[in-house]
Amino acid sequence: YVATPLAGLLNVKEKIRLKATPNAVLEKFYASTTKHPKQADVEMLSKKSGCTVRQVERWFRRRRNQDRPSLLKKFREASWRFTFYLIAFIAGMAVIVDKPWFYDLREVWKGYPIQSMLPSQYWYYMIELSFYWSLLFSIASDVKRKDFKEQIIHHVATIILISFSWFANYIRAGTLIMALHDSSDYLLESAKMFNYAGWRNTCNNIFIVFAAVFIVTRLVILPFWIMHCTVVYPLDLYPAFFGYYFFNFMMVVLQSLHIFWAYLIIRMAQKFITGKARGGLGVVEDERSDREETDNSEEEEEAVKNGPLSNGHPVLNNNHRKTD
């Protein structure tokens with residue numbers, strides 16, 4: 001109700017996709033065996049289906065493209081995540097900014113384990129936990145990316161951390177960790193939205209800010225301040241117990257994922273700085289995304305039929321015929 005009209009206002013344009021011609025033999029192989037047949041499979045399917053090898057290859061390219069999420073679906077996903085992360089970050093800061101442990105991390109453990117819980121902390125926890133459960137349930141239907149397994153590990157680790165910190169009364173540490181994570185996520189989602197809308201400069205500028213915030217919060221503040229707070233300070237007050245080891249082990253898992261994602265972000269930043277990003281100078285592209293394939297063979301056919309020019313201009317139509 002909100003993201004779709006917003007996509008129209010931002011002029012989010014869908015690429016025209018050529019649909020694969022219905023073919024029972026190829027469809028059965030695609031669904032039951034593999035979406036990426038080897039050359040021997042292509043030749044075998046060519047004989048069975050009565051199509052040429054080139055037609056079989058083109059069919060599989062188009063069929064894979066049909067299963068990929070549309071630009072509008074990506075925009076809608078980025079929109080609702082941006083909305084949540086922004087509201088969650090503002091709410092998180094409102095919950096912790098006036099608390100003494102926001103400024104002095106030793107205050108996190110003052111009086112532990114008997115620490116009172118405020119209503120604002122309760123609702124912050126419930127909303128964050130609900131959100132990550134929803135991500136875990138919807139990950140199969142959301143835009144699928146290359147780090148699908150890492151995403152599942154991240155969601156499970158986050159749910160365990162939030163739940164365990166609740167049970168062990170690590171509420172103060174938990175609110176700091178959640179607010180820290182939300183500080184950069186809304187920037188990434190807004191950069192994606194502008195990227196899908198074709199606002200390249202805006203997207204790139206936001207991405208620079210996102211990369212800086214992500215690296216500072218996830219690779220500096222989290223390990224050297226927050227994890228230091230959860231690993232070192234508690235030992236001054238009480239002997240280590242199972243919960244202490246378990247909580248910090250899950251923090252290490254989360255930090256490992258941050259290092260993995262930081263690698264992807266640095267790769268994108270490197271392409272941006274060197275001007276090698278896809279689609280022109282400095283166009284940010286999500287390294288996790290599964291790229292859409294093009295029909296190169298069809299482009300060649302069009303060049304033969306129509307020549308290199310159409311209406312006095314080069315043919316630049318995303319490798320699709322104008323009629324499609």
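User: In this predicted model, in which helix is Trp-123 found?

Analyst: The model is a predicted one, and the place of Trp-123 along the chain can be read from the helix that spans residues 119-138. Since position 123 falls in that range, the helix holding Trp-123 is H6.

User: Is Trp-123 buried or exposed, and what is the accessible area of the nonpolar surface patch that Trp-123 helps to form?

Analyst: A residue counts as exposed when its relative accessible area is over 50%, and Trp-123 is therefore exposed because its value is 53%. On the surface, Trp-123 joins Met-117, Tyr-122 and Ile-127 in a nonpolar patch. Together, these four residues have an accessible area of about 410 Å².

User: Is Ser-183 buried or exposed, and which backbone oxygen does its side chain reach?

Analyst: Ser-183 is placed in helix H8, which covers residues 171-196. With a relative accessible area of 10%, Ser-183 is buried, because the limit for that class is under 20%. Leaving aside residues up to four places away in sequence, Ser-183 touches Phe-89, Val-213 and Thr-217. Its side chain reaches, at 2.6 Å, the backbone oxygen of Leu-180.

User: How many residues apart are Asp-236 and Arg-106, whose side chains meet in a salt bridge?

Analyst: The nitrogen-to-oxygen distance in this salt bridge between Asp-236 and Arg-106 is 3.5 Å. The pair links distant parts of the chain, with Asp-236 in the loop between helix H9 (200-231) and helix H10 (242-274), and Arg-106 in the loop between helix H5 (71-96) and H6. Asp-236 counts as exposed at 54% relative accessibility, whereas Arg-106 counts as partly exposed at 48%. Along the sequence, their separation is 130 residues.

User: Why are Glu-189 and Lys-192 separated by about one helical turn, and how far apart are the closest N and O atoms of their salt bridge?

Analyst: Both residues lie in helix H8, and they are about one helical turn apart because three residues separate them in sequence. Glu-189 is buried, with a relative accessible area of 4%, and Lys-192 is buried as well, with 7%. In their salt bridge, the distance between the closest N and O atoms is 3.7 Å.

User: Which residue forms a salt bridge with Asp-98, and how many salt bridges does the structure hold?

Analyst: Asp-98 pairs with Lys-99, and the closest N and O atoms are 2.8 Å apart. Asp-98 counts as exposed, with a relative accessibility of 56%, whereas Lys-99 is buried at 10%. The number of salt bridges in the structure is five.

Technical notes
Residues numbered from 1 in each chain as written. Predicted model: local features only at pLDDT ≥ 70, side-chain atom pairs only at ≥ 80, totals over all residues. Heavy atoms only, no water. Helix = DSSP H or I, 4+ residues; strand = E, 2+ residues; numbered from the N terminus. Buried < 20%, exposed > 50% of the residue type's maximum accessible area, 1.4 Å probe, protein only. Polar contact = N/O pair within 3.5 Å; in protein donor to acceptor, adjacent residues only side chain to side chain. Contact = heavy atoms within 4.5 Å. Patch = residues over 30% accessible without salt bridge, like charges linked within 9 Å, V, L, I, M, F, W, Y side chains within 5 Å. Areas by Shrake-Rupley, 256 points an atom, 1.4 Å probe, with all protein chains shown as cover.
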